[in-house]
Amino acid sequence: MLLISCPWCGPRNETEYHYGGQAHVPYPGTPADLTDEQWAEYVFYRDNPKGPFAERWMHSIGCRRWFNVLRDTATHEVLTSYRLDEPRPELPQAGGQR
Amino acid sequence: MTSTALPEHPDWLWRNPDPRSSYDVVIVGAGGHGLATAYYLAKNHGITNVAVLEKGWLAGGNMARNTTIIRSNYLWDESAAIYEYALKLWERLPEELDYDFLFSQRGVLNLAHTLQDVREGMRRANANRLNGVDAEWLEPEEVAKVCPILNVSSRTRYPVLGATFQPRAGIAKHDHVAWALARRADEMGVDLIQGCEVTGFLKDGDRVVGVETNRGRILAGSVGLAAAGHSSVLAERAGVRLPVQSHPLQALVSELHEPVHPTVVMSNHVHVYVSQAHKGELVMGAGVDSYNGYGQRGSFHVIEQQMAAAVELFPVFARAHVLRTWGGIVDVSPDASPIIGTTPVENLYVNCGWGTGGFKATPAAGWTFAHTIATGEPHPLNAPFALERFATGALIDEHGAAAVAH
């Protein structure tokens with residue numbers, strides 16, 4: 001089980017959260033101009049890295065707020081978490097900041 | 001229940017050759033799909049100058065980690081066609097490969113626990129029959145006749161309100177399936193190369209001409225990717241982006257028991273599926289873990305929930321002990337259907353996105369992927385499963401029939 005730190009409530013078990021997939025996927029700026037391929041890209045294509053990944057989680061049985069997590073998908077290490085209005089942090093040193 | 005004895009192995013299974021400098025076709029991934037592809041390339045198309053490259057050991061990825069369920073009761077025409085084709089191939093493969101891999105057609109029950117489940121199940125059974133797939137709707141008392149140890153009391157939290165039943169569904173001995181295909185492919189001249197990881201692709205403009213591996217460069221006329229959970233990582237190295245997400249999928253087995261469970265039982269609603277292996281283990285699976293991951297393990301609460309569901313459905317399992325748990329990595333596509341076909345890179349073909357259900361499709365995946373690689377064009381059975389569908393919108397939404405998992 002992952003131990004994830006909510007920016008507002010602190011570290012809690014994974015079971016308190018809901019997973020929301022890749023973070024930092026902006027809605028298209030000019031949606032009317034998009035081709036079918038560009039829409040497919042926005043709707044269906046997400047990064048799937050083996051390593052650090054910026055993703056969204058929601059503290060569904062806590063404060064019910066969304067936030068972002070940097071997590072290593074190969075080691076399951078939760079590197080850091082941050083609020084939606086904060087930029088993606090530079091990758092921490094090995095061991096991560098929890 | 002069929003014999004509990006495992007089949008005898010033939011005297012030898014396959015050679016262990018060093019890679020040559022070039023092949024007509026290189027398949028990446030020596031799991032069930034890669035091996036079946038090589039087998040049908042040789043058998044159906046006479047293409048035997050083929051290498052199957054495997055970074056670990058033969059069939060040591062998801063093929064070694066799955067719950068071995070075979071069924072074809074999918075909702076949509078496209079899915080029913082390809083999975084039913086697979087089931088028909090399964091029915092003749094033990095004889096064709098001359099290798100008894102204990103394919104046991106003991107049937108599958110897909111349980112309904114809500115009114116919506118009942119409606120979906122009846123709809124799917126009717127759709128199956130229109131597509132020539134054997135399926136029927138069973139009321140709770142009929143479900144109990146098929147599987148007497150199943151608790152169909154109305155006093156449970158999620159009572160069994162009925163089930164779809166596919167009598168021709170079943171299970172097979174997964175390792176033996178791989179070895180059976182490997183032996184025949186090897187006999188026809190295919191090189192099965194273990195410990196050979198693809199680290200990059202050789203390209204000439206928009207055309208793939210080979211692969212880089214930890215054992216050197218290998219030139220190839222065509223390259224077929226059949227790497228399951230790692231497909232997107234691999235394809236990215238060739239400059240191709242795939243709309244799949246990799247998730248851990250866990251399974252577990254109990255200690256050995258006398259034969260008690262005569263069929264396969266799946267429940268989408270309470271998230272568990274159970275069968276009993278030939279040797280006697282109860283084999284159980286649940287859904288994928290929600291997050292992306294490549295660690296070949298998942299979270300304990302997923303196991304806890306599936307066990308709670310299993311014990312409510314099968315009170316007789318309450319004192320069974322878990323012997324071991326494990327995880328595989330599955331690549332899940334947005335419509336819960338596979339992607340089999342061409343890519344934007346010429347001569348590079350992809351077979352991925354099977355999610356939690358690739359094992360059952362093994363022969364049809366191999367058959368159609370071999371056709372696509374051999375001819376450069378999809379087979380009618382895999383044409384609907386092209387990468388282009390995500391741009392055209394012609395999705396094959398099988399989240400319902402793909403069952404518990406994703």
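Q: What makes the reach of helix α3 of chain B close to the expected one?
A: In this predicted model, helix α3 of chain B comprises residues 115-130, 16 residues in total. From its first C-alpha to its last it reaches 23 Å, and the value expected at 1.5 Å a residue is 22 Å. The expected span is 1.5 Å times one less than the number of residues, so the reach of 23 Å is set against 22 Å and found close to it. Helices (H or I, at least four residues) and strands (E, at least two) are DSSP runs numbered from the N terminus.
Residues are numbered from 1 along each chain as its sequence is written, and chains are lettered from A and ligands numbered from 1 in the order in which they are written. Local features need pLDDT of at least 70 and side-chain atom pairs count only at pLDDT 80 or more, while totals for chains, interfaces and linings use all residues; side-chain values use heavy atoms, leaving out hydrogens and water.

Q: Which residues of α3(B) are buried, and what covers them?
A: The buried residues are B:D117, B:V118, B:G121, B:R124, B:A125, B:A127 and B:N128. Their cover includes strands β4 (108-112), β5 (136-138) and β6 (162-166) of chain B. Just after the helix, B:G132 takes a positive phi of about 75°.

Q: Why is B:D191 called buried?
A: Buried means a relative accessible area under 20% (exposed is over 50%, partly exposed in between; 1.4 Å probe, protein chains only). B:D191 has 2%, and is therefore buried. This residue belongs to strand β8 (residues 191-193) of chain B. Leaving aside neighbours within four places in sequence, B:D191 is in contact (heavy atoms within 4.5 Å) with residues including B:R15, B:R20, B:Y23 and B:V52.

Q: What makes the pairing of the side chains of B:D191 and B:Y23 a polar contact?
A: A polar contact is a pair of N or O atoms within 3.5 Å; within protein, one must be able to donate a hydrogen and the other to accept it, and residues adjacent in sequence count only if both atoms are side-chain atoms. The side chains of B:D191 and B:Y23 meet at 2.6 Å, so the distance satisfies the cut-off.

Q: Why is B:Q250 counted as buried?
A: Its relative accessible area is 6%, which is under 20%, so B:Q250 is buried. It lies in strand β12 (residues 245-256) of chain B. Its side chain makes a polar contact with the side chain of B:D289 (3.1 Å) and reaches the backbone oxygen of B:S299 at 2.9 Å.

Q: What makes the meeting of B:R241 and A:D47 a salt bridge?
A: The definition asks for a side-chain nitrogen of Lys or Arg within 4 Å of a carboxyl oxygen of Asp or Glu. The side chains of B:R241 and A:D47 meet at 2.6 Å, N to O, and therefore qualify. Across the interface of chain A and chain B the rule finds two salt bridges, together with 15 residue pairs in polar contact, both residues at pLDDT 80 or more. Of the side of chain A that touches chain B, α1(A) supplies the largest share, five residues.

Q: How many residues of chain A and chain B are in contact, and how much area do the chains bury?
A: In chain A 23 residues are in contact with 26 of chain B. Between them the chains bury about 2,100 Å², 51% of it on carbon and sulfur atoms. Buried area is the accessible area (1.4 Å probe) that two parts lose on being put together, so this value is summed over both chains. A:F44, A:Y45 and A:N48 supply 33% of the area that chain A buries against chain B, more than any other three residues.
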